[in-house]
Amino acid sequence: MFNPEQKTAFIDYAMASTLSPKNGSREADWVNLFNRLEEVEQDQEKDFSQFTYKEMLDSLPLILRKTVNYQRQTISSLRGYLTWSIENKCSLDSENRLIGLTPSDVDFSKSYAMCMVKDEEQLSEYLDVVLADLNDDSGDNMYRTMLHLVFNGVQFNDVFNLKLDQVNFENKTLTYGNNIIALSDKCCELIAYVRDMDVIASSQGGTAKRTKKGIKDAVTREREIVKNGYILENTSDDRSKMKNTAITVVSTKFATLKQHLEYPIAITFTSLWRSGVFYRAYQIELETGEISLQELGDGEDYKLEYAAWKKAFSL
């Protein structure tokens, strides 16, 4: 947290009053907000309360991510911090320039370009980077399949509950809840590949060499996959453990990708899922000329997010 003394004093004030980022949130919510703010403050070498209006507008795209509603809450929280800073004579300006500012006033397409993907081709390219240290016949396939399923419209929390009998390989569809969703050729290919895997192979020790396809010239250890009819299976039938391991591994891989690309923010499961929603909406728009965001809803906020996604990838 940049300028911790001032931020802590504000948090003490906020928690003692009715002021909060989410109408009654915990102290941790303020800490998380200021931790996100820290990187842009370090770049400017000063507290956000000392930013000029232009510097605020330039930095907000790196802070405002996720949904428009989330961005609206973040702007409201920063507005509250600036009001307090002005009252306590900690601010560069005597006027709170965030009053009246809305997400539509900020070009948050810049953050979308860093935390979302354009299509499955870009997703595959990213996965080639972060999964390069895994063998072709290892967990690489499980993580690839999992993330392509998310892009194709499956919420991450549901991925590990999907069964193979929900997939129609001939029609390239997945029965998901009360819906039937279309699967891409790439996603079907990955599902079929993991379906036919009998073992998980891991390479370790020896004179290992890292290549684009994995680790070569290493000692390979194979463990049998427990088959229970799920799309994603591993060497244990503990689904909860499998999900928690995947969260840890993939979050680490996304952080690795962030460092590789030298981006200040990383892709998340949610931003990947929304990338898929916007990609499918764009295909419909190309075909019909109409914007349909039925997977999210047709509210104005969603249209604003969709427009930002298109701008992020020059569509």
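# Worked exercises on a predicted model

In this predicted model, helix α10 is followed by Glu262, whose phi is positive, near 60°. Let us begin with that helix and work through the rest by small steps.

## Exercise 1: Helix α10

Task: Find how far α10 reaches from its first C-alpha to its last, and set that against the expected span. Then work out what caps its N-terminal end and which of its residues are buried.

Solution.

Step 1. Start with the limits: α10 covers residues 239–261, which makes 23 residues.

Step 2. Now compare spans. The helix reaches 32 Å, close to the 33 Å expected at 1.5 Å a residue.

Step 3. Look at the N-terminal end. Asp238 is the cap there, with a side-chain oxygen 3.3 Å from the backbone nitrogen of Ser240. Beyond the other end comes Glu262, with its positive phi near 60°.

Step 4. Pick out the buried residues: Arg239, Met242, Ala246, Val250, Lys253, Phe254 and Leu257. When you look at their spacing, a general rule is handy: an α-helix has 3.6 residues a turn, so residues three or four places apart point the same way.

## Exercise 2: Tyr143 and Val250

Task: Decide whether Tyr143 is buried or exposed, and find how many residues separate Tyr143 from Val250 in sequence and how far apart they are in space.

Solution.

Step 1. Locate the residue: Tyr143 belongs to helix α7, residues 139–151.

Step 2. Apply the cut-off. Tyr143 has a relative accessible area of 10%, and buried means under 20%. Tyr143 is therefore buried.

Step 3. Take the pair. Along the sequence, 107 residues separate Tyr143 and Val250, yet their C-alpha atoms are 7.4 Å apart in space. Val250 is one of the buried residues of α10.

## Exercise 3: A network around Lys7

Task: Which residues are linked with Lys7 in a network of salt bridges?

Solution.

Step 1. Recall the idea: side chains of opposite charge can pair when their charged atoms come close. The whole structure holds 14 salt bridges.

Step 2. Take the pair of Glu41 and Lys7, whose closest N and O atoms are 2.8 Å apart. Glu41 sits in helix α2 (residues 27–44) and Lys7 in helix α1 (residues 4–16), so this salt bridge ties together parts 34 residues apart in sequence.

Step 3. Take the pair of Asp47 and Lys7, where the closest N and O atoms are 2.6 Å apart. Here Asp47, in the loop between α2 and α3, is linked to Lys7 in α1, 40 residues away.

Step 4. Put the pieces together: Lys7, Glu41 and Asp47 form the network. Glu41 and Lys7 are buried, and Asp47 is buried as well.

## Exercise 4: A salt bridge within a helix

Task: About how many helical turns separate Asp58 and Lys54, and is each residue buried, partly exposed or exposed?

Solution.

Step 1. Check the pairing: the two side chains of Asp58 and Lys54 form a salt bridge, 2.8 Å from N to O.

Step 2. Count along the helix. Asp58 and Lys54 are four residues apart in α3, so about one helical turn separates them.

Step 3. Judge exposure. Asp58, at 42% relative accessible area, is partly exposed, whereas Lys54, at 58%, is exposed.

## Exercise 5: The sheet

Task: In what order do the three strands of the open sheet lie, and which strands are at the edges?

Solution.

Step 1. Join β1 to β2. Two bridges connect β1 (residues 167–168) with β2 (residues 173–176), and the strands run antiparallel. Asn168 has Thr173 as its bridge partner. Four residues lie between the strands of this hairpin, and Lys172 in the turn has a positive phi of about 60°.

Step 2. Join β2 to β3. Four bridges connect β2 with β3 (residues 179–182), again antiparallel. Tyr176 is opposite Asn179, and Thr173 is opposite Ala182. This hairpin has two residues between its strands, with Gly177 in the turn at a positive phi of about 65°.

Step 3. Write the order: β1-β2-β3, with antiparallel pairing. The edge strands are β1 and β3, each pairing on one side only.

Terms used
Residues numbered from 1 in each chain as written. Predicted model: local features only at pLDDT ≥ 70, side-chain atom pairs only at ≥ 80, totals over all residues. Heavy atoms only, no water. Buried < 20%, exposed > 50% of the residue type's maximum accessible area, 1.4 Å probe, protein only. Expected span 1.5 Å × (residues − 1). Polar contact = N/O pair within 3.5 Å; in protein donor to acceptor, adjacent residues only side chain to side chain. Salt bridge = Lys/Arg side-chain N within 4 Å of Asp/Glu carboxyl O. Pairing = 2+ DSSP bridges.
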